[in-house]
Amino acid sequence: MCTYFGFEDRIFMQHISRKRFLKGLVAGTAGLALTGCTARESTTGKDTPGILAGKTYRWNMVTTWPPNFPVLGEGCNLFADWVSQMSGGQLTIKVYGGGELIPALEAFDAVSSGTAEIASGASYYWAGKNAALQFFASFPFGLNAQQMNAWLYSAGGQELWEEVYAPFNIQPFPGGNTGVQMAGWFNRDIETAEDLKGLKMRIPGLGGKVLKEAGGTVILSPGGEIYTNLERGVIDAAEWIGPYHDYKMGFHQIARNYYYPGWHEPGSTLEIIMNKLKYDSLPGHLKEVLKTACARLNMWMLSEFEAKNAEYLEIIEQEGNVNIAPLPQPVLEKLKTLAAGIIDDMAEKDPLSKKVFTSIRAFKKRMRPWGRMTEESFYLKM
Ligand code: CA
């Protein structure tokens with residue numbers, strides 16, 4: 001069973017999916033009839049002139065997002081289109097939203113076993129498979145999107161990711177990033193670390209563990225119930241993603257404070273995972289098509305999050321009903337100290353987690369002076 005490490009809440013995903021379940025089931029069943037449960041290969045090549053290798057490949061993509069979910073699901077649809085276009089139709093991918101072909105959180109097992117060839121998700125959903133996997137998504141006071149990309153593409157992260165996934169027969173690639181998230185919506189004023197004591201908050205994963213350590217109470221509920229819980233005072237606070245998705249959830253209507261930054265998820269990397277045997281059996285040029293589409297998706301999603309979050313932050317500010325404020329530095333310092341202890345303990349528990357965390361920690365340390373000299377000093381003048 002996976003643990004909660006999501007910037008989206010998997011039960012919410014299932015909740016949303018449920019509304020479309022029957023419709024999706026019909027679509028999924030039709031899809032099965034049309035394509036078969038697993039990929040089919042044909043050797044005619046007659047429909048794909050100009051492609052030297054005659055085989056065509058039809059893959060099924062399962063996702064952990066509801067169908068067409070803003071940015072995340074939309075990106076998967078674009079990804080499939082790009083792959084089809086770039087391969088001249090030699091490789092086509094049919095995208096299924098969470099719950100359409102299989103439940104959202106069965107994507108890992110489906111890809112591992114080859115039931116589905118490819119999936120979109122986030123590595124921290126699979127922390128129950130190997131704790132080290134959450135480092136490839138996001139962790140409290142970890143890396144931002146730019147730094148995650150630098151570590152994965154250019155500083156050994158990708159190789160470690162492949163090492164952790166290898167026993168599961170999975171080939172991972174970065175396939176999106178949320179950017180820095182928001183700390184969340186609070187109906188309590190947070191002025192000192194003392195104010196975290198007794199705070200009832202929806203905050204999953206490692207962030208939740210940190211809040212608990214700070215004296216708070218973590219209350220996880222289906223995503224569709226967060227609004228009601230916050231409105232009725234069942235919870236005092238909730239984090240979700242950023243202004244765009246948060247606004248769509250309506251939190252601005254019922255919360256007093258919108259705090260930043262999202263210390264718990266500073267740059268959540270989304271992933272495209274593929275069945276490694278299926279991936280390895282592709283001709284070289286189709287592997288390049290997939291890698292290129294993943295890189296484009298990675299850039300597209302971050303760009304969408306950045307542009308839409310800025311737009312909706314402006315809307316929330318203009319509406320003027322919410323106090324948008326930074327968490328006080330002493331509060332962040334306290335959370336940071338607690339997070340370091342929790343993550344150190346976690347990394348000590350198994351050798352692979354230790355190996356990955358050693359790499360990411362060393363990278364973060366090296367990035368700090370460079371980032372302060374460049375990004376931070378630039379932003380201060382922006
Ligand atoms: Ca989140």
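## Burial and the calcium site

A residue is called buried when its relative accessible area is under 20%. By that cut-off, Glu239 and Glu265 are both buried in this predicted model. Both residues serve the calcium ion. Its donors are Gln181 (OE1), two OE atoms of Glu239, the backbone-type atom Trp240 (O), and Glu265 (OE). The distances run from 2.2 to 2.8 Å. Along the chain, these donors follow the spacing Q-x57-E-W-x24-E.

Glu239 sits in the loop between strand S9 (237–238) and helix H9 (243–249). Glu265 sits in the loop between strand S10 (257–260) and strand S11 (269–275). The pair therefore ties together parts that are 26 residues apart in sequence.

## His264 beside the site

The loop between S10 and S11 also holds His264. Its relative accessibility is 4%, so His264 counts as buried. The side chains of His264 and Glu239 share a polar contact of 2.6 Å.

Beyond residues up to four places away in sequence, His264 touches Ser138, Phe139, Pro140, Met182, Ala183, Ile203, Gly207 and Glu239.

## The open sheet

Six strands form an open sheet with mixed pairing, in the order S8-S7-S9-S6-S10-S12. Strand S8 (217–218) and strand S12 (323–326) stand at the edges. Each has a single partner strand, so one side of each has no neighbour in the sheet.

Strand S6 (residues 184–186) and S10 run antiparallel and are joined by 3 bridges. Trp185 stands opposite Tyr258 in S10.

## The nonpolar core

The largest nonpolar core counts 109 residues. Phe79, Trp151 and Leu290 have the most contacts inside this core. Helix H11 (residues 284–319) gives the most to the core, with 10 residues.

Leaving aside neighbours within four places in sequence, Phe79 is in contact with Met61, Ile93, Ile118, Ile272, Leu290, Ala293, Cys294 and Leu297.

## Helix H5

Helix H5 covers residues 145–154. Its buried residues include Trp151, along with Ala145, Gln147, Met148, Asn149 and Leu152. Among the elements that cover them are helix H6 (157–165), strand S5 (170–177), S11, H11 and helix H13 (351–381).

Asn144 caps the N-terminal end of H5. A side-chain oxygen of Asn144 lies 3.2 Å from the backbone nitrogen of Gln146. Just after the helix, Gly156 takes a positive phi of about 95 degrees.

Notes:
Residues are numbered from 1 along each chain as its sequence is written. This is a predicted model: local features need pLDDT of at least 70, side-chain atom pairs count only at pLDDT 80 or more; totals for chains, interfaces and linings use all residues. Side-chain values use heavy atoms; hydrogens and water are left out. Donors are N, O and S atoms within 2.8 Å of the metal (3.2 Å for Na, K and Ca); water is not among the atoms, so sites may look incomplete. Helices (H or I, at least four residues) and strands (E, at least two) are DSSP runs, numbered from the N terminus. Buried means under 20% relative accessible area, exposed over 50%, partly exposed in between (1.4 Å probe, protein chains only). A polar contact is a pair of N or O atoms within 3.5 Å; within protein, one must be able to donate a hydrogen and the other to accept it, and residues adjacent in sequence count only if both atoms are side-chain atoms. Contact means heavy atoms within 4.5 Å. A nonpolar core is a set of buried Ala, Val, Leu, Ile, Met, Phe, Trp, Tyr and Cys residues joined through side-chain atoms within 4.5 Å. Two strands pair if DSSP finds at least two bridges between them.
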